[in-house]
Amino acid sequence: MFSDASQNTSSPRLRAHSRNARVEAIVIGASLGGPQAVSTVLRYLAPHIDHIVVYVVIHMPSDLAVTLTAQLASVSTRHTQLCVHGDVVKAGNIYIAPGN
């Protein structure tokens, strides 16, 4: 979860719902109008995901998936790639679901 942006504009903080819980993955979903918002989230999230896998699913045509992946990679300091069936995921990376 993110802390309230109105309280801290420097960077979001990840926290689990319980002290014993671990965040292992984050899934971000958006429609075709959401890439700018996803870019903003990834820019702030990147420094905090050493041990977390991030998945991004955006409703978009498949021919835009490569372009979107490149755009999101340009705003993040993390390895960002388009998912391919059979990929082995690694913590700290960002995976973009292919379009439909």
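**View 1. Ile58 sits in strand β2.** This is a predicted model, so local features need pLDDT of at least 70 and side-chain atom pairs count only at pLDDT 80 or more, while totals for chains, interfaces and linings use all residues. Residues are numbered from 1 along each chain as its sequence is written, and side-chain values use heavy atoms, with hydrogens and water left out. Helices (DSSP runs of H or I, at least four residues) and strands (DSSP runs of E, at least two) are numbered from the N terminus. With a relative accessible area of 5%, Ile58 is buried; that word means under 20% relative accessible area, whereas exposed means over 50% and partly exposed is in between (1.4 Å probe, protein chains only). Leaving aside neighbours within four places in sequence, Ile58 is in contact with Ala30, Ser31, Leu32, Pro35, Val38 and Leu68, where contact means heavy atoms within 4.5 Å. Gly33 is 25 residues from Ile58 along the chain, and their C-alpha atoms are separated by 8.9 Å.

**View 2. Here is the whole chain, with two helices and four strands.** Following the sequence, you will meet these elements in the pattern β-α-β-α-β-β. Of the 100 residues, 32% count as buried. The chain exposes about 6,400 Å², and carbon and sulfur atoms supply 56% of that area; accessible areas come from the Shrake-Rupley method with a 1.4 Å probe, and for residues only the protein chains shown count as cover. Take the contacts between residues at least 6 apart in sequence: 63% of them join residues at least 24 apart.

**View 3. The largest nonpolar core has 16 residues.** A nonpolar core is a set of buried Ala, Val, Leu, Ile, Met, Phe, Trp, Tyr and Cys residues joined through side-chain atoms within 4.5 Å. Look for Ile28, Leu42, Val54 and Val56, the residues with the most contacts inside this core. The elements that give two or more residues to the core are β1 (25-30), α1 (35-45), β2 (53-58), α2 (65-75) and β4 (94-96). Val54 is a good place to pause: beyond its neighbours within four places in sequence, Val54 is in contact with Ile26, Ile28, Leu42, Leu45, Ile49, Asn93, Ile94 and Tyr95.

**View 4. Helices α1 and α2 cross with a right-handed turn.** A crossing is right-handed if the near helix is turned clockwise from the far one by less than a right angle, and left-handed if anticlockwise. The two axes come within 8 Å and cross at roughly 35 degrees; axes are lines fitted to C-alpha atoms, for helices over the stretch in contact, and angles run from 0 to 180 degrees between N-to-C directions. Pro35, Val38, Ser39, Leu42 and Arg43 of α1 meet Leu68, Gln71, Leu72 and Val75 of α2. By class, this contact has six nonpolar, two polar and one charged residues. Here Ala, Val, Leu, Ile, Met, Phe, Trp, Tyr, Cys and Pro count as nonpolar, Asp, Glu, Lys and Arg as charged, and the others, Gly among them, as polar.

**View 5. Ser39 and Tyr44 are shown in helix α1.** Ser39 is buried, with a relative accessible area of 2%. Not counting residues up to four places away in sequence, Ser39 touches Gln71, Leu72 and Val75. Ser39 and Ser74 are 35 residues apart in sequence and 9.0 Å apart in space, C-alpha to C-alpha. Tyr44 counts as partly exposed because its relative accessibility is 35%. From Tyr44 to Thr77 the C-alpha distance is 9.9 Å, with their positions 33 residues apart in sequence.

**View 6. Asn93 lies in the loop between β3 (80-82) and β4.** Is Asn93 buried or exposed? Asn93 counts as buried, at 12% relative accessibility. Apart from neighbours within four places in sequence, Asn93 is in contact with Ile52, Val53, Val54 and His79.

**View 7. Ala25 is found in strand β1.** Ala25 is partly exposed, and its relative accessible area is 42%. Residues up to four places away in sequence aside, Ala25 touches Ile52, Val53 and Tyr55. Along the chain Ala25 and Gly92 are 67 residues apart, and their C-alpha atoms are separated by 9.6 Å.
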